[in-house]
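Hi,

Here is the structure I promised to pass on to you. Have it open while you read, and my notes on what turned up in it follow below.

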Amino acid sequence: MSLLAVKGITKRFGAVEVLRGVDFAVEAGTVVGLVGDNGAGKSTLMKTITGIYSIDGGAISFGGQDITGLPPGARRAIGIEMIYQDLALAKQQDVASNIFLGREPLKRPFGFLPPVIDKDRMDADARKMIGRLGARIPSIHRPVGLFSGGQQQTVAIARALTFNPRLVIMDEPTAALAVREVESVLKLIRQLRDEGIAVILISHRLNDVMEVTDRIAVLRQGRMEADLVTANTKMREVVEYIVGAH
C-alpha cells in the first residue's frame with residue numbers, strides 16, 4: 001500500500017481545468033521528484049495534497065485513510081509537511097525560535113507562577129534536531145536571516161521534523177544555491193529517506209532530481225505524463241516528457 005495515493009484528481013479555477021484526472025503515489029521512505037514546465041500543475045497538486053485547495057473530483061488517501069475532506073491542520077497532524085520555496089522563516093528570530101514558532105514549550109517558574117516560554121528547553125531541542133540532521137549551523141542564537149541559503153533550508157527542515165512527519169514536500173529547495181550548498185541539501189533529503197520519511201521534491205534542476213530521487217513523476221498541462229524509475233531513466237527522456245516530445 002502506498003503511503004500517499006492520489007486518484008483521479010481534478011481541480012478547476014473557473015473555466016480553467018488545472019488538474020485533469022491526476023494519479024500520483026508515494027511510498028514510505030522514498031524520494032519522488034515532481035517535474036514539469038511552469039503551469040503544468042505541480043504547485044496546485046501539492047496544495048490539494050496539503051489541503052490548501054479543495055478538489056473538484058477524485059480522492060486522496062494517506063496511510064490508508066481517506067483524507068479528501070480534511071483541512072490543512074488535520075493533514076499536518078497525521079504527518080504531511082510542506083516546505084515552501086520562500087521557507088516562511090522569521091528572519092529576525094534565532095534558530096530555536098523558528099523551529100518552535102507558534103508552539104513554544106512552556107514552564108512554570110517555582111511551580112506556581114504564570115507559565116513562560118522555556119527557552120533552555122527550546123535551545124537544547126534545537127541543537128538535538130540540527131545534530132540529528134548532521135548539519136552545521138554557526139550558532140543557534142543568531143538570526144536565521146544571517147545564514148546562507150543552505151543553512152536556512154536546514155532550519156526549515158528541522159522545523160518540519162519537529163512535527164514527526166511521514167511525508168515532507170519540498171518546493172525548489174536547491175534553487176539559487178551554490179554547488180556546495182546544493183550538495184548539503186541533497187544530503188539532508190537522503191537523510192530523511194534513510195529515516196523512513198517520504199519526500200516529494202519539486203524542482204526544475206533536473207541534475208538534482210536525477211541524483212537524489214527513486215522515481216520521477218512528470219506533469220504536463222495538468223495530466224500525469226509519466227512515472228519513471230530514476231535508475232532506469234536518462235535525463236533526455238525526462239525532458240522529452242516535460243516538453244511533450246516523447
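First, a bit of vocabulary: two strands pair if DSSP finds at least two bridges between them. Helices (H or I, at least four residues) and strands (E, at least two) are DSSP runs, numbered from the N terminus. Keep in mind that this is a predicted model, where local features need pLDDT of at least 70 and side-chain atom pairs count only at pLDDT 80 or more, while totals for chains, interfaces and linings use all residues. Residues are numbered from 1 along each chain as its sequence is written, and side-chain values use heavy atoms, with hydrogens and water left out.

Let's start with the four-stranded sheet. This sheet is open, with the order 2-1-4-5 and antiparallel pairing. At its edges you'll find strand 2 (16–26) and strand 5 (65–66), each of which pairs on one side only. Strand 1 and strand 4 run antiparallel and are joined by five bridges; across from V6 you'll see I60 in strand 4.

Helix 1 goes with this sheet. It lies across strand 1, strand 2 and strand 4, at about 65° to strand 2. (Contact means heavy atoms within 4.5 Å; axes are lines fitted to C-alpha atoms, for helices over the stretch in contact, and angles run from 0 to 180 degrees between N-to-C directions.) Helix 1 covers residues 42–50 and is mostly covered, with seven of its nine residues buried. Buried means under 20% relative accessible area, exposed over 50%, and partly exposed in between (1.4 Å probe, protein chains only). The buried residues of helix 1 are K42, T44, L45, M46, T48, I49 and T50. Right after the helix comes G51, with a positive phi near 95°.

How many aromatic pairs are there? The count comes to one, if you pair rings of Phe, Tyr and Trp (its six-membered ring) whose centres lie within 6.5 Å, calling planes under 30 degrees apart stacked, over 60 edge-to-face and the rest tilted. In this pair, the ring centres of F13 and Y53 are 5.2 Å apart and the planes are at 75°, so the pair is edge-to-face. F13 sits in strand 1 (residues 4–13) and Y53 in the loop between helix 1 and strand 4 (57–62), so the pair ties together parts that are 40 residues apart in sequence. F13 is partly exposed at 37% relative accessible area, and Y53 counts as partly exposed at 25%.

Now for the six-stranded sheet. It is open too, in the order 6-9-10-3-11-12, and its pairing is mixed. Strand 6 (80–83) and strand 12 (223–229) stand at the edges with a single partner strand each, so one side of each has no neighbour in the sheet. From one strand to the next, the twist averages 20°.

Strand 11 is a good place to zoom in. Strand 3 (residues 31–35) pairs with strand 11 (residues 215–220) in the parallel sense over four bridges, and L34 stands opposite A217. What is the bridge partner of G33 in strand 11? That would be I216, and I216 in turn has L228 as its bridge partner in strand 12. Strand 11 and strand 12 pair in the antiparallel sense over six bridges, with L219 opposite M224. These two strands form a hairpin with two residues between them, and Q221 in the turn has a positive phi of about 50°. Strand 11 is mostly covered, as five of its six residues are buried.

Finally, two helices that meet each other. Helix 4 (residues 119–132) and helix 5 (residues 149–161) pack at an angle of about 110°, with their axes 10 Å apart. That makes them roughly perpendicular to each other; angles under 35 degrees count as roughly parallel, over 145 as roughly antiparallel, 65 to 115 as roughly perpendicular and the rest as oblique. M129, I130 and R132 of helix 4 make the contact with T154, A158 and L161 of helix 5.

Happy exploring!
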